[in-house]
Amino acid sequence: MKVVFLGTAASKPTKERGLSSIALQYKGNVVLFDCGENAQRQMLSIIKPSKISSMFLTHFHGDHILGIPGLLMTMSLNERKEPLYIYGPKKTIYFLKNFFKSGYFGITFDVIIKELKDKDIVDFKEFYVRSFETNHGVPSLGYVFKEKDRRGSFIEEKAKKLGIKGRMFAELEKNGEIYLGGRKITLEEVTDPKKIGKSIVYTGDTLPVDIPFEECDLLIHDATFLNDQDRNDTYHSTVKEACETAVKIKAKKLVLTHISQRYSIGEIQEEAWKYFENTIVAEDFMVIEL
Ligand SMILES: [Zn+2]
Ligand SMILES: [Zn+2]
């Protein structure tokens, strides 16, 4: 799977950075997290809008959602027929319905909007997305993307030695065990170890919060500010706080995003390395493969 950073700026775009949007490419499917203004232009030559099956919005500050009408209009011009699922926090239905009433977008497909609460799960065939409440002064959610664990491959030689053949494989797979000559054989006995699915946590904009997931492969965290004075009374995290969260949940890798243009990448990177070594400062068009 690939994580593509389409926009990494805080609040307003710069020459180098677009507004918040992250695309997760998973086996030909794309799940979009936030859709800041101009996200559709940022994805040109990287992602086909037709591949986007669902969208998860963290909150309704303009810098995270103003790319939606344009993107949906492009999808319509491309004669999309498949439904698009949009998930977000409280008031998502209200805001999006008003959005679509504010112009002639000619949408050619169903847009299915669902509001999520803390710890809701949206189940897909091979992965799920779980929401968690964040602290941003408006209704807001972060998301855990988790690829489901898969069983290891059959160790055929071992299975055959134990007398398993033909349709018994399917039965063993279905029931997790099979009886042969009075002996119980479990699936684990004749398969490689389970393949643990990859996991990604995206906080969106937030003050530090408890994240209900440990040991994720990748934590993408708000790191708008370098210090408390600059943050003032806004609901964002500092670089240090993002790193502390990464340590707390034992994240394997940390990407800092929603970068304020007042700092250089060097300054942010240097601050981060004091607290969490495996940190990268996000840049537009950066791709992380997991
Ligand atoms: Zn923002
Ligand atoms: Zn915000």
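Here are four short exercises with worked solutions on the structure above.

The model is predicted, so local features need pLDDT of at least 70 and side-chain atom pairs count only at pLDDT 80 or more, while totals for chains, interfaces and linings use all residues. Residues are numbered from 1 along each chain as its sequence is written, chains are lettered from A and ligands numbered from 1 in the order in which they are written, and side-chain values use heavy atoms, with hydrogens and water left out.

**Exercise 1. Find which residues coordinate the zinc ion (ligand 1).**

Step 1. Start with the term: donors are N, O and S atoms within 2.8 Å of the metal (3.2 Å for Na, K and Ca), and since water is not among the atoms, sites may look incomplete.

Step 2. Asp63 (OD), His64 (NE2), Asp205 (OD) and His258 (NE2) coordinate this ion at 2.1 to 2.2 Å. Along the chain they follow the spacing D-H-x140-D-x52-H.

Step 3. Now the geometry. Four donors count as tetrahedral if all angles lie between 85 and 135 degrees; four count as square planar and six as octahedral if opposite donors are over 155 degrees apart and all others between 65 and 115; anything else is irregular. Here the angles among the 4 donor atoms run from 85 to 168°, and the site is irregular.

**Exercise 2. Work out which residue coordinates both zinc ions.**

Step 1. The protein donors of the zinc ion (ligand 2) are His59 (NE2), His61 (ND1), His136 (NE2) and Asp205 (OD), at 2.1 to 2.4 Å. This site is irregular too, with angles of 89 to 171°.

Step 2. Aspartate 205 bridges the zinc ion (ligand 1) and the zinc ion (ligand 2), which lie 3.4 Å apart.

Step 3. Is aspartate 205 buried or exposed? Buried means under 20% relative accessible area, exposed over 50%, and partly exposed in between (1.4 Å probe, protein chains only). Aspartate 205 has a relative accessible area of 3%, so it is buried. Aspartate 63 counts as buried because its relative accessibility is 10%.

**Exercise 3. Describe how strand β8 (residues 127-133) sits among its neighbours.**

Step 1. Strands (E, at least two residues) and helices (H or I, at least four) are DSSP runs, numbered from the N terminus. Two strands pair if DSSP finds at least two bridges between them.

Step 2. On one side, 3 bridges join β8 to the antiparallel strand β7 (residues 121-123), and valine 122 has valine 129 as its bridge partner in β8. β7 and β8 form a hairpin with 3 residues between them.

Step 3. β8 is also joined to the antiparallel strand β9 (residues 141-147) by 7 bridges. In β9, leucine 141 is the bridge partner of glutamate 133, and glutamate 147 that of phenylalanine 127.

Step 4. Because 5 of its 7 residues are buried, β8 is largely enclosed by the rest of the structure.

Step 5. Zoom out: the order β7-β8-β9-β12-β13-β14-β15 makes an open sheet of 7 strands with mixed pairing. Its edge strands are β7 and β15 (279-281), each pairing on one side only.

**Exercise 4. Explain why the buried residues of helix α4 line one face.**

Step 1. In helix α4 (residues 92-100), the buried residues are Thr92, Leu96 and Phe99.

Step 2. Seen down the axis of α4, they fall within an arc of 55° (taken from the directions from the helix axis to the C-beta atoms), so they line one face of the helix.

Step 3. A general rule helps: an α-helix has 3.6 residues a turn, so residues three or four places apart point the same way.

Step 4. These buried residues pack against α2, α3 (68-77), β5 (84-88) and β6 (111-115), where contact means heavy atoms within 4.5 Å.
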